[in-house]
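Q: I have the sequence and the fold open side by side and would like to go through the helix packing, the cores and a few odd residues. Can we start with the helices?

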Amino acid sequence: MKLLLIPDKFEGSLTSEAFADAFVSGMKKLGKPFSAQYIKATDGGEGFLNTVAKYRPCISVDVISENPKGEPIRSYYLYNKQSNSAYIELANTSGLQLLSYDERNPMLTSTYGTGLQIKDAIEKGIKHIYIGLGASATNDGGIGIASALGYDFLDDKGEVLMPLGSSLQLIKSIDESRVIAQLKDVDIFMVHDVANPLFGKDGAAFVYAKYKGASENSIMELNKGLIRLNKVVSEKYKVFYNDLPGAGAAGGAAFGLKTFLSAKGLGAMDFSVELSGLKQLLNQEKFDYIITGEGKIDEQNLNSKLLQGVIKLGKNYKIPVITICGALQISKDALKSKGVFDVLEIQDTSKDLDYNMKNAAQLLSAKTAEYFI
């Protein structure tokens with residue numbers, strides 16, 4: 001049996017590599033001949049640079065940047081000389097993991113630090129920049145990134161606003177007089193795994209801000225702020241990007257990147273396929289199953305681009321897709337209706353979440369052996 005492994009990480013529990021190792025361990029228990037090919041994919045969030053480094057020869061470029069609270073930090077991005085491309089992981093400077101639980105508040109956080117990395121790459125003459133979006137601590141509509149590149153967001157008195165989530169409702173106009181000239185000569189791509197619009201019930205604030213520390217009242221204010229940002233942008237530039245699939249990625253950073261940096265969107269799975277040379281592999285070899293995985297599958301991530309991308313690959317190459325998850329919070333029929341062949345849930349329902357997360361590798365190994373026996 002030949003197996004192709006394209007798992008996502010189990011957030012806070014298993015890396016995708018650990019998933020693959022646990023799966024292979026379970027298969028070995030059966031004593032049957034098999035082979036397993038592991039493909040490291042990315043959703044654009046934490047680990048984006050690790051995925052790039054696996055498939056592209058890169059050097060690390062150190063940058064003094066800022067965390068979501070505006071505090072100085074040392075960070076880095078990757079540079080590929082052959083293609084003159086930089087790879088930037090938003091989570092490294094604007095990510096939720098950089099803040100303690102008590103510090104999380106998307107009214108007071110910014111993507112400015114990510115903008116400083118982009119600026120550094122542009123000033124070094126890099127012409128192609130890929131930005132992984134995900135795991136952000138922000139809901140600033142991308143004005144932090146834009147501010148680092150010279151855009152000023154002004155209130156009704158003409159004063160420059162701090163590029164925070166709380167400032168969005170106060171934006172009256174946009175001043176471009178300080179925007180760095182080199183920006184127009186750079187191709188920028190954003191890699192993400194969501195299809196949410198900028199605002200509304202499925203937008204950045206209502207879907208994600210709670211997990212970033214926002215109160216119910218703050219969520220309402222942030223949504224109003226994103227509506228305000230879109231109004232100012234649409235009136236000034238005559239563009240309407242708020243409903244583009246994925247505009248709400250990383251607290252609306254995708255909207256800001258599209259508006260102010262003319263960034264182009266790339267689905268995380270499409271990026272991963274291109275990066276890893278997966279199409280060539282599938283054209284050369286025949287696999288019996290594709291195995292993918294998610295820590296939790298619910299209504300929110302049912303339509304994630306990574307999962308849907310794997311399902312699409314399975315359909316295109318006529319390979320059944322088996323999804324393994326820690327916790328399944330929708331019906332199996334819902335997944336099967338999307339094109340999944342089968343679903344395995346590994347959690348021990350008699351134990352608490354902490355136990356299941358700590359023992360995910362063993363649970364995955366045991367479930368794999370049980371299924372393929």
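Q: In which hand does α1 pass α14?
A: This is a predicted model, and in it the crossing of α1 past α14 is right-handed.

Q: And what are the distance and the crossing angle of those two axes?
A: The axes of α1 (residues 16-28) and α14 (residues 360-371) come within 7 Å and cross at roughly 40°. The two helices are therefore oblique to each other, given that angles under 35 degrees would count as roughly parallel.

Q: Which residues make the contact there?
A: From α1 the contact takes Phe19, Ala22, Phe23, Ser25, Gly26 and Met27, and from α14 it takes Ala361, Leu364, Ser365, Thr368 and Ala369. Sorted by class, the contact of α1 with α14 holds seven nonpolar and four polar residues, with no charged ones.

Q: OK, what about α2 and α9, at what angle do they pack?
A: Helix α2 (residues 48-55) packs against helix α9 (residues 268-276) at an angle of about 25°, and their axes are 9 Å apart. That angle makes α2 roughly parallel to α9. On the α2 side the contact involves Phe48, Thr51, Val52 and Tyr55, while α9 brings Phe271, Leu275 and Ser276.

Q: How do the residues of that contact divide by class?
A: Five of the residues in the contact of α2 with α9 are nonpolar and two are polar, and no charged residue takes part.

Q: Moving inside, how many residues does the largest nonpolar core have?
A: The largest nonpolar core has 52 residues, and those with the most contacts inside it are Ile118, Ile129, Leu133, Phe153, Ile188, Leu257 and Leu261. Helix α8 (residues 249-261) gives the most to this core, contributing eight residues.

Q: Pick isoleucine 188 from that set: what is in contact with it, beyond its neighbours within four places in sequence?
A: With those neighbours left aside, isoleucine 188 is in contact with Ile118, Ile129, Ile131, Leu183, Leu261, Ser262, Ala263 and Lys264.

Q: How many residues are in the other core?
A: Another core, lying apart from the largest one, has 19 residues, among them Leu3, Leu14, Ile322 and Leu344.

Q: Since Ile322 came up, how far is its C-alpha atom from that of isoleucine 311?
A: The C-alpha atoms of isoleucine 311 and isoleucine 322 are separated by 9.2 Å, with the two residues eleven apart along the chain. Isoleucine 311 belongs to helix α11 (residues 305-317), and it is buried, with a relative accessible area of 2%. Setting aside neighbours within four places in sequence, isoleucine 311 is in contact with Val321, Lys338, Gly339 and Val340.

Q: Switching to backbone oddities, what is the phi of asparagine 84?
A: Asparagine 84 has a positive phi of about 50°, although it is not a glycine. It sits in the loop between β4 (72-80) and β5 (85-89) and is partly exposed, with a relative accessible area of 22%.

Q: And lysine 238, buried or exposed?
A: Lysine 238 is exposed, at a relative accessible area of 62%; its phi is also positive, near 60°, in a residue other than glycine. Its place is the loop between α7 (216-237) and α8.

Q: Where is leucine 244, and what does it touch outside its own stretch of chain?
A: Leucine 244 is in the loop between α7 and α8, where it counts as partly exposed at 34% relative accessibility. Apart from neighbours within four places in sequence, leucine 244 is in contact with Asn196, Pro197 and Lys258. The C-alpha atoms of leucine 244 and asparagine 196 are separated by 8.1 Å, although the residues are 48 apart along the chain.

Q: Back to β4 for a second: is asparagine 80 buried or exposed?
A: Asparagine 80, which is in strand β4, is buried, with a relative accessible area of 4%. Once neighbours within four places in sequence are left aside, asparagine 80 is in contact with Arg56, Pro57, Cys58, Ser85 and Tyr87.

Q: Last one, where is glycine 95 placed?
A: Glycine 95 lies in the loop between α3 (91-94) and α4 (112-123), and its relative accessible area of 0% makes it buried. Its contacts, leaving aside neighbours within four places in sequence, are Pro68, Leu90, Ala135, Ser136 and Ala137.

Methods: Residues are numbered from 1 along each chain as its sequence is written. This is a predicted model: local features need pLDDT of at least 70, side-chain atom pairs count only at pLDDT 80 or more; totals for chains, interfaces and linings use all residues. Side-chain values use heavy atoms; hydrogens and water are left out. Axes are lines fitted to C-alpha atoms, for helices over the stretch in contact, and angles run from 0 to 180 degrees between N-to-C directions. Helices (H or I, at least four residues) and strands (E, at least two) are DSSP runs, numbered from the N terminus. Angles under 35 degrees count as roughly parallel, over 145 as roughly antiparallel, 65 to 115 as roughly perpendicular and the rest as oblique. Contact means heavy atoms within 4.5 Å. Ala, Val, Leu, Ile, Met, Phe, Trp, Tyr, Cys and Pro count as nonpolar, Asp, Glu, Lys and Arg as charged, and the others, Gly among them, as polar. Buried means under 20% relative accessible area, exposed over 50%, partly exposed in between (1.4 Å probe, protein chains only). A crossing is left-handed if the near helix is turned anticlockwise from the far one by less than a right angle, and right-handed if clockwise. A nonpolar core is a set of buried Ala, Val, Leu, Ile, Met, Phe, Trp, Tyr and Cys residues joined through side-chain atoms within 4.5 Å.
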